[in-house]
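Reader: Could you take me through one part of this structure slowly, the way its helices pack? I'm new to this, so I'd like to follow each step.

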Amino acid sequence: MILDDKPYRHVGETRRGGLVCVADHASNYVPDDIELGIPAELLTQHVAVDIGVEGIAERMARRFRVPAHIACVSRLVCDLHREEDHPGVVPTESDGHLIPGNIGADIEARLERFHRPYHQAMEKWLDAIEPDLIISLHSFTPKLATSTEERPWDVALLYNTDDRAARHAIRLFGEQGLTVGDNEPYSGKDLNATMNRHAEAKGRNYLALEVRQDLITTKADQARWASMIADVAGRVDLALKAEA
């Protein structure tokens, strides 16, 4: 839920430099005054939340000293990983499901209440920390309801114009025996909103990670992936510093 009317929360002790985590789709919370007009069970599915992400982000923050900026509102209310003028910033449809409560919604009000505070706070947070590497954490469903195509990757790296960190991470995850996607299940050249704004535009190093959701549904799985992501990200950070 939203605390103190803020669409985000911070977890973990902050310090200058190091690694940080950003989780735009970590919550399925819908405020009481917003009626989406959808079945309640839809809020437990990938259209409403990136399954497993919140647990991983919290584990990295508390166990591995990777502080996190975590969203506290569902992507169905306002998609924080879209530009303000993106047609899906307040989605009326997602993976074949109609979101009737968003048809004719006051998009400006949603942006002012959720999107802008979230990103303004992230900007201040990142400016204060000046991290060495940002981990943008997401998860994806093994198959869309609107497609027969399987998504076989265990983890994937997304990027737009800056692929330096991603290249190292693709190699390092591959060395763990994982099937690693390169700009999958969609391309960061088409959808990289948060990292375009807070990383590429600022010259900051980042990893935009997508983990397959069926691999991170339990707390044990989330703990294992938190450890692996923190380890890989730390080694990516060292590799980038060696190249500088």
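Author: Let's start with helices H1 and H5, which are oblique to each other because their angle of about 55° falls outside the ranges for roughly parallel, perpendicular or antiparallel. This is a predicted model, by the way, so treat each value here as computed from that prediction. H1 covers residues 53-63 and H5 covers residues 219-243, and their axes lie 8 Å apart. As for handedness, H1 passes H5 in a right-handed crossing.

Who does the touching? On the H1 side, the contact is made by Gly55, Ile56, Arg59 and Met60. H5 answers with Gln222, Ala223, Trp225, Ala226, Ile229 and Ala230. Sort the residues of this contact by class and you get 7 nonpolar, 2 polar and 1 charged.

Now stay with H5 and look at another partner, helix H3, made of residues 164-174. H3 and H5 pack at an angle of about 130°, with their axes 9 Å apart. That angle makes H3 oblique to H5 as well, since over 145 degrees would be needed to count as roughly antiparallel. The crossing of H3 and H5 is right-handed.

From H3, the residues in this contact are Arg164, Ala165, His168, Ala169, Leu172 and Phe173. From H5 come Trp225, Met228, Ile229, Val232, Arg235, Val236, Ala239, Leu240 and Glu243. By class, that contact splits into 11 nonpolar, 1 polar and 3 charged residues. Here's a nice detail to find on your screen: Trp225 and Ile229 of H5 are in the contact with H1, and Trp225 and Ile229 also turn up in the contact with H3.

While you're looking around, try the empty spaces too. Rolling a probe the size of a water molecule over the atoms shows where empty space is left. Counting cavities of 30 Å³ or more gives 1, and the largest cavity holds about 50 Å³ of space. Its lining is made of His81, Ser136, His138, Leu158, Tyr186, Leu191, Asn192, Ala208 and Glu210. Strand E6 (133-140) and strand E9 (206-212) each supply at least two of those lining residues. In class terms, the lining has 4 nonpolar, 4 polar and 1 charged residues.

Strand E6 comes back at the largest pocket, which has a volume of about 520 Å³. This pocket is lined by 25 residues, and the closest to its centre are His46, Arg75, Arg82, Ser94 and Leu144. Strand E4 (93-94) and E6 are the elements that give two or more residues to the lining, and E6 gives the most, with 3 residues. The pocket lining divides into 7 nonpolar, 10 polar and 8 charged residues.

Two backbone spots are worth a click before you go. The peptide bond from Glu184 to Pro185 is cis, with omega near 0°, and Pro185 sits in the loop between strand E8 (180-182) and helix H4 (193-198). Then there's Glu130, in the loop between helix H2 (107-129) and E6. Its phi is near 50°, a positive value in a residue other than glycine.

Methods
Residues are numbered from 1 along each chain as its sequence is written. This is a predicted model: local features need pLDDT of at least 70, side-chain atom pairs count only at pLDDT 80 or more; totals for chains, interfaces and linings use all residues. Side-chain values use heavy atoms; hydrogens and water are left out. On a 1 Å grid over the protein atoms alone, a cavity is a set of points where a 1.4 Å probe fits but cannot get out, and a pocket is an open set with protein on both sides within 12 Å along at least five of seven lines; lining residues have an atom within 4 Å of a point. Grid points are joined across faces, edges and corners, and a volume is the space filled by probe spheres set on the points. Helices (H or I, at least four residues) and strands (E, at least two) are DSSP runs, numbered from the N terminus. Ala, Val, Leu, Ile, Met, Phe, Trp, Tyr, Cys and Pro count as nonpolar, Asp, Glu, Lys and Arg as charged, and the others, Gly among them, as polar. Axes are lines fitted to C-alpha atoms, for helices over the stretch in contact, and angles run from 0 to 180 degrees between N-to-C directions. Angles under 35 degrees count as roughly parallel, over 145 as roughly antiparallel, 65 to 115 as roughly perpendicular and the rest as oblique. A crossing is left-handed if the near helix is turned anticlockwise from the far one by less than a right angle, and right-handed if clockwise. Contact means heavy atoms within 4.5 Å.
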